[in-house]
Each structure stands twice: as structure tokens, then as C-alpha cells.
Amino acid sequence: MGDHKEQPLRVGAAVRRRRRAQELTLAVVAQRCGLSVPFLSQVENERARPSRPSLERIADALGTTAVELLAAADPACSVDVVRAEDDGHAPPESHSRSLVRGHHQLHAMEFTGDHDEGREVQHRNDELMYVADGAVEVEAEGRAHRLGRGDTLYMSGGVRHRWRATEPDTRVIVVAVADHIEALEDRHRQGA
């Protein structure tokens with residue numbers, strides 16, 4: 001249980017990512033593959049499963065293959081356990097590990113040890129940082145924020161920031177909305 005290999009694949013998300021990466025509308029893809037816009041929308045939203053011939057037509061319209069779309073598909077599981085011992089190869093002094101496997105709407109990373117994000121980074125969507133152990137200093141929006149054990153810092157998408165551990169054995173959990181999600185655009189549309 002909890003193993004992605006046992007789960008059926010959700011190809012709709014892979015179709016949507018590929019279509020958006022090419023900046024194509026559903027109407028253009030529908031015209032290219034000879035399928036209806038409502039059906040393609042249902043496929044992308046996991047409300048319909050395309051037959052193998054339909055998936056091949058969609059893949060052709062997107063300039064790829066059905067095999068590549070299936071390889072990029074999300075597993076259809078809703079529960080997945082990532083065990084601490086699954087990452088036994090990392091050096092103990094400083095490392096990071098993903099807490100969520102696969103291509104999902106949410107990313108979570110654990111940073112352990114002497115982390116120093118020397119360059120500024122900027123993420124498309126919102127991010128939450130939780131200090132599980134130790135202490136960090138975060139520079140965001142021109143201000144330095146010192147966080148200790150149990151503190152959290154929330155940053156809206158688009159905020160330029162950098163951070164570093166200020167104590168040995170620091171452990172930080174960072175949870176963020178994945179960059180392929182259009183949360184900022186959705187937020188702007190709601191305000192319009």
C-alpha cells in the first residue's frame with residue numbers, strides 16, 4: 001500500500017501540462033486530434049479516461065507519444081507514505097529530501113544541517129517554512145526574519161528570498177504549491 005507502482009495513472013494532468021507548456025488552447029488540440037473540447041476537458045480533469053486510440057490522437061496533437069504521456073502521468077493514489085529510512089544515502093551533515101513523491105500540486109522538502117541558500121530565489125506560488133529544530137535566518141522583502149524551533153514563515157508567491165541555518169543540526173520543512181499550478185493567476189481572476 002502507498003506504492004505508486006500499484007496505482008492506476010492519471011494521464012489528464014500530463015495532457016494539461018503538455019498542452020499548457022505549448023501554450024495551446026483546448027480548442028486547438030481538439031481540432032488537431034478530432035476530439036471534442038468537452039471530452040478533452042474531461043480528460044484533463046480526470047473525469048474521463050481516453051481509450052488507447054484517443055490517447056494516441058491527443059499525443060499526436062501535442063507532438064509527443066502516448067507512451068511519453070503515460071510516463072509523465074500522475075499516480076492516482078491519494079495516500080503515499082515516505083519513510084525516513086527511504087533516504088539513507090544522503091550525508092548526515094547537510095542534505096535535503098523530498099517529502100512528497102511524484103508530480104503533485106504540493107511540494108514538501110525537508111532540509112537538514114548546515115543549509116545556506118546563497119542566492120535569492122523566487123517561487124511562483126505560496127510557500128510555508130516550518131523550523132522543526134534549530135534556527136534559521138530568512139531574508140525576504142528587504143527584511144531579515146529570525147526563526148527558531150516551532151516558528152513558521154509564510155511567503156506569498158513571487159516574494160524574492162534566501163535563507164540559511166544559523167545553528168548546527170537545524171531541520172526545516174518547506175511546503176509549497178507546485179510551480180506548475182496557476183494559483184497566482186487564479187487569485188488575480190477572483191479579484192477581477
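**Contacts, cores and helix packing**

Trainee: Leaving aside its neighbours within four places in sequence, which residues is A144 in contact with?
Mentor: Contact here means heavy atoms within 4.5 Å, and A144 itself lies in strand 8, where helices (H or I, at least four residues) and strands (E, at least two) are DSSP runs numbered from the N terminus. Once neighbours within four places in sequence are set aside, the residues in contact with A144 are E137, V138 and E139.

Trainee: On what kind of model do these values rest?
Mentor: Residues are numbered from 1 along each chain as its sequence is written, and side-chain values use heavy atoms, with hydrogens and water left out. Local features need pLDDT of at least 70, side-chain atom pairs count only at pLDDT 80 or more, and totals for chains, interfaces and linings use all residues, for this is a predicted model.

Trainee: Is A144 buried, partly exposed or exposed?
Mentor: Buried means under 20% relative accessible area, exposed over 50%, and partly exposed in between, with a 1.4 Å probe and protein chains only. The relative accessible area of A144 is 44%, and therefore A144 is partly exposed.

Trainee: Which residues of the largest nonpolar core touch the most other members?
Mentor: A nonpolar core is a set of buried Ala, Val, Leu, Ile, Met, Phe, Trp, Tyr and Cys residues joined through side-chain atoms within 4.5 Å. The largest such core has 18 residues, and those touching the most other members are V29, C33, L40, I58 and L69.

Trainee: Which helices each supply at least two residues of this core?
Mentor: One residue of the core, L40, is in contact with L26, V29, A30, C33, L35 and I58, leaving aside neighbours within four places in sequence. Apart from the largest core lies another, of 13 residues, among them V131, V136, A140 and V172. As for the largest core, the helices that each supply at least two of its residues are helix 1 (11–21), helix 2 (26–33), helix 4 (52–61) and helix 5 (66–71).

Trainee: How are helix 2 and helix 3 oriented to each other?
Mentor: Their axes, which are lines fitted to C-alpha atoms over the stretch in contact, with angles running from 0 to 180 degrees between N-to-C directions, are 9 Å apart, and the angle between helix 2 and helix 3 (residues 37–44) is about 110°. Angles under 35 degrees count as roughly parallel, over 145 as roughly antiparallel, 65 to 115 as roughly perpendicular and the rest as oblique. Helix 2 and helix 3 are therefore roughly perpendicular.

Trainee: Which residues of helix 3 make the contact with helix 2?
Mentor: From helix 2 come L26, A27, V29, A30 and C33. The residues from helix 3 are V37, L40, S41 and E44.

Trainee: Which residues in helix 4 does helix 2 meet?
Mentor: Helix 2 and helix 4 pack at an angle of about 115°, with their axes 8 Å apart. On the side of helix 2 stand V29, R32 and C33, and the residues in helix 4 that they meet are R57, I58 and A61.

Trainee: Where does E23 lie?
Mentor: E23 has a positive phi of about 55° although it is not a glycine, and with a relative accessible area of 72% it is exposed. E23 lies in the loop between helix 1 and helix 2.

Trainee: What is the relative accessible area of E141?
Mentor: E141 is not a glycine, yet has a positive phi of about 55°, and its place is in the loop between strand 7 (135–140) and strand 8 (143–148). E141 is exposed, with a relative accessible area of 67%.
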